[in-house]
Amino acid sequence: MTLDVFLLILRLLGIVLLYLFLMQVIISITRDLRKTSVANEGALSQLPPVVGHLIVVDSGPSKIAPGTSFSLNPQTTIGRGPTNTIQISETFVSAEHTRLWFRNGVWYVQDAGSTNGTFLNNQPARDALQARVGDIIQVGFIRFKLAQ
Amino acid sequence: MAKQLATSEIGKRRFRWKERWLLLIPGIFLLLEMFQLPLAQYYKNNIDTSRQQSVLSLLPTVHDLIPIIGFLAAVVVVHIVLTIFFPKSDQMLFPIVALMSGLGVLLALRNGPDTFPSDPNLGMKQLLWVSIGLGVFLITLFALRSMGWLRRYKYTWAVLGLILVGITLGNALRVKNLDSPTHDQLNFGPFALQPSEFLKIIIVVFFAAYLSENQDVIADGGFRLGPISLPPMRQLGPLLLMLGIALVLFLGVRELGLALLIYGIFLSMLYLGSNKVTYVIGGLVVFFLLGFIGYSLFSYVRARFAAVGLDMVNWQNWTTGSGTNTTVYFAQNTGLQIAQGLVAISSGGILGTGFGLGHASALVPVAQSDMVVSVLGEEFGLAGLFALIGFYLILLYRGFRIAIEARGTFNQLLAGGLTSIFGIQTLIICAGNLKLIPLTGIPLPFLSYGGSSVIANFIIIGILLRISHNTAMEKEGLA
């Protein structure tokens, strides 16, 4: 085989390989999209279950009335930002303030990097802490009681 | 049955089969191009005699393939580390990045001997940078256990970045050679670092942290002027200050490309954070006003625009100056670069001349970094350029997908902003090479030669993979 023919073959092979790779990536993307769309349809048909409540005990300087109840999903975020599960529009609440999650029958509370802190029974919750029903969770200056 | 299926599915994901499968073709492609390179060089050097020569006596040995074999070994090591420690991170980003950074090494190997001044070690240097980049990529993945500290110390990052860049630019002003392409580098012995590459990451981190904290205020808008709601200036203050300092620094030393990149990042992150098109339109209006002022004030901006206006077909009549000083325009720096680059791309045609067989790296100034698109266009042709644009698009798609799925506004904004760096940078440099906008010297991600740029890009990919890993772990309730 002469050199110029060989180089031509190599060049075409290179382009073919590039497009094969592109095709392979696009196929795995479509497969991935199909899988997530099926998963999303499943998720949309059932709203996240309510597994607990937070009841305001002491509303501090905020306008929320004591006794107000918020429902909790297995993954709940509290904060001022619009993407939180529980949105509290108060200046002393950070955009993303507190994370609560429910796993294997146990509640966990963790601060999400807030300015005024999250406390579980007056203990700062910088790391994830286990919470029981009846515990007091303080978000900024608002105090909640964890209820069923 | 269903349960069995689910477990096999999880097993598949745990061992990253998709990534391994996707790494196969890039590996073959890179070996093939490396194999072709010595043949092409021999062919070009002996153009009269080599055409009909039998190929068997010329076949490269394993010894010639060592750079790419070394690169692939590093890629396999990184893949194994990912499989063990980060099994749930995104599986499509790394194969694409491996292909592109491998191609970057190949381009440096190919361009090194041909560029002026020639540097036969360019390829090995790029290989070293890519290996360091892969190491930094893994360090980033391990170091960012939670994104918390990135967010918490946002002002520290901002000040650190600005000081670093300030020192470099002060250095550049002291040297007073703004036309030298390396005037924004910091030298540490044999290494030259370009802090502006890292500043863009720092700026995205700062913007993401700041916007995620003030998202509700910025999205609501401040005071209104009829139908237009202006953004609240008090909350935007720190952002605008940061933006202003960065822009002034870069415009002061004629880094138009970086100024454009930073402004583009600002607009896309403002849009991602506030979901308001009016802010972006307002930002673009301000941009055109500033551009017009710059155009009428600074001669170097006018010179850049003059290159865009070149009439390629009418090249005989390009002149500048007058009387005895008249020179043909494309004999000068910017005009020459653009004109030679376009000639190279058009001579590549649809399938290209073949890797190593083009002339762009010898004839286009700075072909190894700023004008790498013209080398690619000549040697891989239109088909190759389209494939590469496709890879960049998929990179963007995966990045924005990671952003959409991420938990928490900060992670979403961070992933979105980092991804838009790739998008804007590719857009600016490709459009510059194709004479659609003024040419500015910023690197094409992963393909241009340059240590800082490669390392910064690997840091970005590391952060993206870490975010996707965290998202998957949280979704499955493991974190």
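The exercises below work through a predicted model of two chains, A and B, each with a solution in steps.

**Exercise 1. Confidence**

Find how the predictor rates the complex, and which stretch of chain B has a pLDDT below 50.

Solution. Begin with the complex, to which the predictor gives an ipTM of 0.82 and a pTM of 0.83. Turn next to chain B, where the average pLDDT is 81 and 83% of the residues score at least 70. The stretch asked for is residues 1–8 of chain B, where the pLDDT is below 50 and where the model shows 0 contacts beyond near neighbours in sequence.

**Exercise 2. The antiparallel sheet of chain A**

Work out the order of the strands in the 6-stranded open sheet of chain A, and say which strands stand at its edges.

Solution. Read across the sheet, and the order is 2-1-11-10-7-8, with antiparallel pairing. The edges are held by strand 2 and strand 8 (123–124) of chain A, and since each has a single partner strand, one side of each is left without a neighbour in the sheet.

Now look at strand 1 of chain A, beginning with its pairing to strand 2. Strand 1 (residues 52–58) and strand 2 (residues 69–72) of chain A run antiparallel and are joined by 4 bridges. Within this pairing, G52(A) has L72(A) as its bridge partner, while L54(A) stands opposite F70(A). Strand 1 of chain A also pairs with strand 11 (residues 142–147) of chain A, again in the antiparallel sense, over 5 bridges. Here the bridge partner of V56(A) is F144(A), in strand 11 of chain A.

**Exercise 3. The mixed sheet of chain A**

Describe the 5-stranded open sheet of chain A by its order and its edges, and find the residue in strand 9 that is the bridge partner of W107(A).

Solution. The strands follow the order 4-3-5-6-9, and the pairing is mixed. At the edges are strand 4 (86–87) and strand 9 (129–131) of chain A, each of which pairs on one side only. Strand 9 of chain A runs antiparallel to strand 6 (residues 106–111) of chain A, and 3 bridges join the two. Follow W107(A) across to strand 9 of chain A, and its bridge partner proves to be A131(A).

**Exercise 4. Helix pairs in chain B**

For helices 5 and 17 of chain B, and then for helices 10 and 11 of chain B, decide whether the two helices are roughly parallel or roughly antiparallel.

Solution. Two packed helices are described by the angle between their axes and by the distance between those axes.

Take first helix 5 (residues 122–143) and helix 17 (residues 451–475) of chain B, which pack at an angle of about 30° with their axes 8 Å apart. Angles under 35 degrees count as roughly parallel, and helix 5 and helix 17 of chain B are therefore roughly parallel to each other. Helix 5 of chain B passes helix 17 of chain B in a right-handed crossing. Among the residues that meet are W129(B), F137(B) and L141(B) from helix 5 of chain B, and F458(B), I459(B) and R466(B) from helix 17 of chain B. By class, this contact has 14 nonpolar, 4 polar and 1 charged residues.

Take next helix 10 (residues 256–274) and helix 11 (residues 277–297) of chain B, whose axes are 9 Å apart and which pack at an angle of about 160°. Angles over 145 degrees count as roughly antiparallel, and helix 10 and helix 11 of chain B are therefore roughly antiparallel to each other. Helix 10 of chain B also passes helix 11 of chain B in a right-handed crossing. Y263(B), L267(B), L270(B), Y271(B) and S274(B) in helix 10 of chain B meet Y279(B), V280(B), G283(B) and F287(B) in helix 11 of chain B. These residues divide into 7 nonpolar, 2 polar and no charged.

**Exercise 5. Where the chains touch**

Determine which helix gives the largest share of the side of chain B that touches chain A, and how that helix packs with helix 4 of chain B.

Solution. Count the sides first: the contact takes 41 residues from chain B and 29 residues from chain A. On the side of chain B, the elements that give two or more residues include helix 2 (17–45), helix 4 (93–111) and helix 15 (372–405). The largest share, 12 residues, comes from helix 2 of chain B. By class, this side of chain B has 19 nonpolar, 15 polar and 7 charged residues.

Finally, helix 2 and helix 4 of chain B pack at an angle of about 10°, with their axes 9 Å apart, which makes helix 2 of chain B roughly parallel to helix 4 of chain B.

Notes
Residues are numbered from 1 along each chain as its sequence is written. Chains are lettered from A and ligands numbered from 1 in the order in which they are written. This is a predicted model: local features need pLDDT of at least 70, side-chain atom pairs count only at pLDDT 80 or more; totals for chains, interfaces and linings use all residues. Axes are lines fitted to C-alpha atoms, for helices over the stretch in contact, and angles run from 0 to 180 degrees between N-to-C directions. Angles under 35 degrees count as roughly parallel, over 145 as roughly antiparallel, 65 to 115 as roughly perpendicular and the rest as oblique. A crossing is left-handed if the near helix is turned anticlockwise from the far one by less than a right angle, and right-handed if clockwise. Two residues are in contact if their C-beta atoms, placed from the backbone, lie within 7 Å. Ala, Val, Leu, Ile, Met, Phe, Trp, Tyr, Cys and Pro count as nonpolar, Asp, Glu, Lys and Arg as charged, and the others, Gly among them, as polar. Two strands pair if DSSP finds at least two bridges between them. pLDDT is the predictor's confidence in each residue, from 0 to 100.
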